[in-house]
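Here is a protein model to explore together. Take a moment to look it over, and then we can work through some questions one by one.

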Amino acid sequence: MMDRKIGMWLYQNGGGDVIETKMIEKLKERNIETISNLNLRNAIAKNGHIVYDKMKLDKLDLFFSYNAGEQTQYQMYLYKALNRVIPMINNYDSFELTEDKFHTSFLLRTNGVKTADYKLCHRDDTHHLNTIMKKWSKMVYKPTDGWGGVGLTKIENEETLDMLIPFLNQMDLRYFYVEKFIEYDNTDYRIDIVDGQFVGCYGRKAGGNDWRTNVTSGGSIFLREPNDDVINLALKAAKVTGLDIAGVDIIYDRKKEEFVVLEVNGIPAFATPEQEKLGLDFNDKKIDLIVDLIDRKTKKGDKK
């Protein structure tokens, strides 16, 4: 009989099912039972418990939530509640933080981590937005909760900004979050961190005439070796955000001649089978570190 039991919800596409199987086997070797495919969408909360098919999830030793593509507000709501009573990976507070680009940049900059210059202003303060545009000459409008490059809009002049503002106003936004456009070579570094340790790195390159490196926006993956500056910057960003598992996106600012953190992701994907064929070989190391992390967090007296 296993002496610990955890819940797991891990994406199944892109080789996720294989990753899950490997992880469950390794956890079993540590005497940890895994209840997989625990989609909080099918759970209910009642009378002090979160229940999934008659199982009280709040009695688990840990819940591992790793599925960016299928999250809903309901699942996030229960994720937050569950986080109050059992260990979660990632913990909800850090995950929620990194789901918001402004709050992440704010905290990183406060702690001395270099990011793109940013501004947040009230939706009615278009005068301030125009003033910023005059100063920066180019900026990027970002939805604070977007991912995969969706909604990113490069604004290259005041005329474009004037055309965009009425459109944004129709979206009933409460504020505008913009970042100064950084002159870079249309490539980035994606650094994977688990439990404060460097796992692996690869590069992404924007496709065609696009400037976004996100694969979902047409970008492509390539092998890339990071130097110590890049790794140390990623490690610091992960530590500041509090994420146990982090994917840190870094670009090189040609003008300032320095690396800056563009985003920190709370659910960085494992390498897909196609990417493994290209030479991305960090999956096994990442699995081992996550298993170590789960093992440590579920041991009695260390459930943090």
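Q: Which residues of α7 are buried?
A: Keep in mind that this is a predicted model. A residue counts as buried when its relative accessible area is under 20%. In α7, the residues that count as buried are Val230, Ile231, Leu233, Ala234, Ala237, Ala238, Val240 and Thr241.

Q: Why do residues three or four places apart in an α-helix point the same way?
A: Think of walking along a spiral staircase. Residues three or four places apart point the same way because an α-helix has a turn of 3.6 residues.

Q: What do the buried residues of α7 pack against?
A: Helices and strands both take part here. The helices are α3 (92–98) and α4 (101–110). The strands are β12 (187–194), β13 (197–205), β15 (245–253) and β16 (258–265).

Q: How far does helix α7 reach from its first C-alpha to its last?
A: Helix α7 covers residues 228–241, which makes 14 residues. At 1.5 Å a residue, a span of 20 Å is expected. The model comes close to that, with a reach of 20 Å.

Q: How many helices and strands does the protein chain have?
A: Helix α7 is one part of a chain that has both kinds of element. The counts for the protein chain are nine helices and 16 strands.

Q: Why is the protein chain as compact as a globular protein of that length?
A: For 304 residues, the globule rule gives 19 Å. The radius of gyration of the chain is close to that value, so the chain is as compact as a globular protein of that length. That radius of gyration is 21 Å.

Q: Does asparagine 130 count as buried or exposed?
A: Asparagine 130 sits in helix α5, residues 126–136. Leaving aside residues up to four places away in sequence, asparagine 130 touches Leu161, Asp162 and Ile165. Buried means under 20%. With a relative accessibility of 17%, asparagine 130 therefore counts as buried.

Q: What does lysine 28 count as, given its 48% relative accessibility?
A: Lysine 28 belongs to helix α1, residues 16–29. Buried means under 20% and exposed means over 50%, with partly exposed in between. At 48%, lysine 28 therefore counts as partly exposed.

Q: What distance separates the C-alpha atoms of lysine 28 and arginine 4?
A: Along the chain, lysine 28 and arginine 4 are 24 residues apart. In space, their C-alpha atoms are separated by 9.7 Å.

Conventions: Residues numbered from 1 in each chain as written. Predicted model: local features only at pLDDT ≥ 70, side-chain atom pairs only at ≥ 80, totals over all residues. Heavy atoms only, no water. Helix = DSSP H or I, 4+ residues; strand = E, 2+ residues; numbered from the N terminus. Rg over C-alpha atoms; globule rule 2.2 N^0.38 Å. Expected span 1.5 Å × (residues − 1). Buried < 20%, exposed > 50% of the residue type's maximum accessible area, 1.4 Å probe, protein only. Contact = heavy atoms within 4.5 Å.
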